[in-house]
Amino acid sequence: MKQIYGHYTDEDFQVWKILYDRQIKNLPEAACDAHMEGLDKVIFVPSEIPHFDGTNEILQKLTGWRLAVVPGIVPDYTFFELMSNRRFPATTWLRKMEELDYLEEPDMFHDVFAHVPLLTNQAFVDFLQELSKIGLGYVGNDYAIEILSRIYWFTVEFGLIQEPQGLRIYGAGILSSAGETKFCLSDKPPKHDFDVRTIAQTDYRKDVFQEQYFVIKSFEQLYQSLPEIKEVLVEMVEKRKEESVLA
């Protein structure tokens, strides 16, 4: 699949600009340094929907990653296979004007505006690639994929990071939502230190603001957590097998 730029409508450009302008005002005091730096590197602007070819040239030079066009949510194998080969799955369609505040399935604004800037950070993409390699080994094991999805959810999608200037956001699920950007940094939801075992056992919901968030100290910490992720995953999968035998 390819991005067909000529198919974008006036409404698409308006939606991109509205979402961009609305969210860019929140980011200086909310987004992590790596996201802000990445946003400059990939040269996103409100007046123009990003061209994937140009974005890919930039990402390729910086971290060796590229965007791979997908129609929407893809099967586990496709998702992990793409990212294990440094190709980030991204949609090319944009939500409609009446869907500005809530969308059930991620669109291009989420996939590109919120995810792509961090694809310029080497430690972060190294974590993504290695996590995906782990996932490839468990495709077909629903319980294992559920555990890995929790890790992905509370880091890549809804993670927070402690920086010198304060608590900041790196999760794309937050950075594509003006409402959750403000909510997650408020005093309302509890924030916990990043802990693999706790996250692996924590359920989440997709239809509401998150009830809790996990905070990393650095992207290097994420990358260094991979051995523990493997260990916890093996333990939990084996325990589930034993429980199934005894049941």
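Trainee: Welcome me in gently: how do the residues lining the largest pocket divide into nonpolar, polar and charged?

Mentor: Happy to! In this predicted model, that lining has 22 nonpolar, 10 polar and 13 charged residues. The pocket itself has a volume of about 1300 Å³, and its lining counts 45 residues, with Pro-106, His-110, Trp-153, Glu-157 and Lys-206 lying nearest the centre. Two or more lining residues come from each of H4, S2, helix H5 (108-114), H7 and helix H9 (178-184). H7 gives the most, with six residues.

Trainee: What makes Glu-157 charged and Pro-106 nonpolar here?

Mentor: The residue type decides: Glu counts as charged and Pro as nonpolar, so Glu-157 and Pro-106 fall into those classes.

Trainee: Trp-153 is by the centre of that pocket. Why is Trp-153 called buried or exposed?

Mentor: Set the value against the cut-off. The relative accessibility of Trp-153 is 12%, and buried means under 20%, so Trp-153 counts as buried. Phe-158 has 7%, which is also under 20%, so Phe-158 is buried too.

Trainee: Which residues of helix H1 make an aromatic pair?

Mentor: Trp-16 and Tyr-20 do, with 6.3 Å centre to centre and 40° between the planes. Both lie in helix H1 (residues 10-24), four residues apart, about one turn of the helix. In general, an α-helix has 3.6 residues a turn, so residues three or four places apart point the same way. Trp-16 and Tyr-20 are both buried.

Trainee: And why is the pair of Trp-153 and Phe-158 called tilted?

Mentor: Their ring centres are 4.7 Å apart, and a pair needs centres within 6.5 Å. Their planes stand at 35°; stacked would need under 30 degrees and edge-to-face over 60, so the pair is tilted.

Trainee: How many aromatic pairs does the structure hold?

Mentor: There are 19. Beyond pairs, Trp-16, Tyr-20, Phe-44, Phe-109 and Phe-113 form one aromatic cluster.

Trainee: What do the buried residues of H4 pack against?

Mentor: In helix H4 (residues 76-84), the buried residues are Phe-79, Phe-80, Leu-82, Met-83 and Ser-84. They pack against strand S1 (66-69), strand S2 (87-90), helix H6 (122-136) and H7.

Trainee: Which residues have the most contacts inside the largest nonpolar core?

Mentor: Leu-119, Phe-124, Leu-128, Tyr-170, Phe-219 and Ile-229, in a core of 80 residues. Helix H7 (residues 142-157) gives the largest share, 10 residues.

Note on methods. Residues are numbered from 1 along each chain as its sequence is written. This is a predicted model: local features need pLDDT of at least 70, side-chain atom pairs count only at pLDDT 80 or more; totals for chains, interfaces and linings use all residues. Side-chain values use heavy atoms; hydrogens and water are left out. A nonpolar core is a set of buried Ala, Val, Leu, Ile, Met, Phe, Trp, Tyr and Cys residues joined through side-chain atoms within 4.5 Å. Buried means under 20% relative accessible area, exposed over 50%, partly exposed in between (1.4 Å probe, protein chains only). Contact means heavy atoms within 4.5 Å. On a 1 Å grid over the protein atoms alone, a cavity is a set of points where a 1.4 Å probe fits but cannot get out, and a pocket is an open set with protein on both sides within 12 Å along at least five of seven lines; lining residues have an atom within 4 Å of a point. Grid points are joined across faces, edges and corners, and a volume is the space filled by probe spheres set on the points. Rings of Phe, Tyr and Trp (its six-membered ring) pair if their centres lie within 6.5 Å; planes under 30 degrees apart count as stacked, over 60 as edge-to-face and the rest as tilted.
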